[in-house]
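Thanks for coming, everyone. Please have a look at the sequence and the model on the screen, and then we'll walk through it together.

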Amino acid sequence: MQYDVVVVGAGNAAHAAAVSAHEHGAERVLMLEKAPEELRGGNTHYSGGLFRFAFESPEDLLPIVPNIEEQVPGFTQNIKPYGAAQFRADLDRVTEGSSDPELSEALISRSYDTVRWMVEQGIVMGPATDLSAVKYEGAVRWPQGAVIRAVGIGIGLSRMWFEVARDRGIELRYGTGARSLTLDDSGAISGVVVNDADGLHEIETGAVILGCGGFEANPEWRARYLGRPWDTARVRGTRYNNGDGLRMALEVGALPYGQWSGSHGTPISADAPLYGDRRLTDQTNRLSYPFGVILNTEGDRFIDEGEDFHLLTYAKTGGAVLRQPGGIGYQIFDSKVFEALEPRYRTSDPIVADTLEELIAQLPLDQETANRTLEEFNTAVVGGGTFDPGVRDGLKTDGLEPEKTNWAQRLDSPPYRAYPTTGGITFTFGGLRINTDSEVLSTDWTPIPGLYTCGEMVGGLFHYNYPAGSGLMSGAVFGHAAGRSAATHVRGG
């Protein structure tokens, strides 16, 4: 049987592409999931389900979360607008101005309408209360732009997408890995070779959408492109993202693009498994480090913990931790901020003591240096302000290297807690060059007819760092575009 569109992958981006293709007139749509059914869903299953999108007023959120005031009374009064200019400023700041201007403009300008489209398809959204909101002194502080997530986090988002695709009559095959793409004499996509229970065979199709993730689960590629110590990093998500789609596309002449030496790396519990835990998913994250200090095993601080909000620094902080001796960092807090720690810290037991010296004595690090580091930190904290986790409060140190530039408070209120963390890789930044219609460009800078991509495989958007929620948003935006473009192509448009 020949299919109109074959989508490789079964995460958020792939589902957005398949549903969009069907909506735009592709009658025979097939999705290929390399994993068995019990491990389906790619990295989406392991995500926090957060979507970063532009909106001009809190009331713009009501079509997306119509019952929000019943769930969180006063929600709209506590939310600040997040316009396109602010989204742009955040993206440019964290990527050091390296995000592709055309692709990032498409991401930002289409973000709100795409979330509305997802809700229309059956994806239920809710407040990101336990993910991005910070509770302190009885009040909830919401960071701009990171306020809405899929209900049920990534697990719920994945489940809802599978239900939507099933209800649309989109065919899905589990345990079916794509091996290579086939082209006709004109250089257009004509099929995809797959490996399933029946062996190798070709599926004929008029268009292929690659939505099967980066190479984060491939240690050989991580060593090749990211270098040490990423080859030994723990993988936060699926074990099946080994770069298959990237390899297949490059074999037919696709143009590589973006920061192939970059990745999204997150501080996670040092007890996290080698691959994502299907039950805990993103609950191994440890992202409240701005409210304390992080020491390496030599007893030194090594980053400005208060550089920015955690959702704008966490994707590079995991890499900073991983590059420390042994790939370990110890997050240390005093009781003043226990209330502000995100709920995910509850999934592991901290090391606790009534004095900093007793705490340090329980940790496998340089005792003398660690005690001196904490003493110097406490001495360097500049007073005169009020700690506020909801803004960059300017509480800082003076005379340290590195300084702490926000949320700097003396560690002086027992008891004290320490959480051992490491860096976990989420996804890789290197990908393929596409245009704003999600067409994959070849090395001669023209579209490869019938080939599209979305999700982690899109190159050029993220460099060095990443604003939380923009990955799932990118997947949906360019997935929707890929589905539309593929359907138009097979209908001869």
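Which helix and which strand each supply at least two residues of the lining of the largest pocket? They are α4, residues 84–94, and β6, residues 139–141. One thing before we go on: this is a predicted model.

Let's stay with that pocket. About 360 Å³ of space lies in it. It is lined by 19 residues, and the closest to its centre are Lys 80, Trp 142, Pro 143, Gln 144 and Gly 390. Strand β6 gives the most to the lining, with 3 residues. How do we look for such spaces at all? Rolling a probe the size of a water molecule over the atoms shows where empty space is left.

Next, a strand with many partners. Find β18, residues 416–428. Is it mostly covered or mostly open? Mostly covered: 11 of its 13 residues are buried. A quick reminder on sheets: strands pair through backbone hydrogen bonds, either parallel or antiparallel.

Here are some pairings of β18. Strand β14, residues 263–269, runs antiparallel to β18, and 7 bridges join the two. Among these strands' residues, Ile 268 has Thr 422 as its bridge partner. Strand β16 also pairs with β18 in the antiparallel sense, over 6 bridges. There, Gln 331 is matched with Tyr 419. Strand β17 is antiparallel to β18 too, with 3 bridges. Look for Ala 353 opposite Tyr 416. Now β12, residues 234–235. It runs parallel to β18, joined by 2 bridges. Arg 234 stands opposite Gly 424.

Now another sheet. This one is open and has 3 strands, in the order β3-β7-β4, with antiparallel pairing. Why do β3 and β4 each have one side without a neighbour in the sheet? They stand at the edges, each with a single partner strand, so nothing in the sheet sits on the other side. Between β4 and β7, residues 148–150, there are 3 bridges. One residue pair to find: Gly 126 has Arg 149 in β7 as its bridge partner.

Follow the chain past β3. In the loop between β3 and α2 you reach Ala 54. Buried or exposed? Its relative accessibility is 10%, so Ala 54 counts as buried; the cut-off for buried is under 20%. Which residues surround Ala 54? Leaving aside neighbours within four places in sequence, its contacts are Tyr 82, Gly 83, Ala 84, Phe 87, Ile 108, Ser 111 and Tyr 112. Take Ile 108 from that list. Ala 54 and Ile 108 are 54 residues apart in sequence, yet 6.5 Å apart in space, C-alpha to C-alpha.

Another loop residue is Glu 342, between β16 and β17. At 7% relative accessibility, Glu 342 also counts as buried. What does its side chain reach? The backbone nitrogen of Leu 287, at 3.0 Å. Glu 342 touches Leu 131, Asn 285, Arg 286, Leu 287 and Ser 288, not counting residues up to four places away in sequence.

Last stop: helix α6, residues 153–167. Let's check its length. At 1.5 Å a residue, its 15 residues should span 21 Å. The end C-alpha atoms are 21 Å apart, so the two agree. Its buried residues include Leu 157, Met 160, Trp 161 and Phe 162. After α6 comes Gly 169, with a positive phi near 80°.

That's the tour. Over to you.

Definitions and conventions. Residues are numbered from 1 along each chain as its sequence is written. This is a predicted model: local features need pLDDT of at least 70, side-chain atom pairs count only at pLDDT 80 or more; totals for chains, interfaces and linings use all residues. Side-chain values use heavy atoms; hydrogens and water are left out. Helices (H or I, at least four residues) and strands (E, at least two) are DSSP runs, numbered from the N terminus. The expected span of a helix is 1.5 Å times one less than its number of residues. Buried means under 20% relative accessible area, exposed over 50%, partly exposed in between (1.4 Å probe, protein chains only). A polar contact is a pair of N or O atoms within 3.5 Å; within protein, one must be able to donate a hydrogen and the other to accept it, and residues adjacent in sequence count only if both atoms are side-chain atoms. Contact means heavy atoms within 4.5 Å. Two strands pair if DSSP finds at least two bridges between them. On a 1 Å grid over the protein atoms alone, a cavity is a set of points where a 1.4 Å probe fits but cannot get out, and a pocket is an open set with protein on both sides within 12 Å along at least five of seven lines; lining residues have an atom within 4 Å of a point. Grid points are joined across faces, edges and corners, and a volume is the space filled by probe spheres set on the points.
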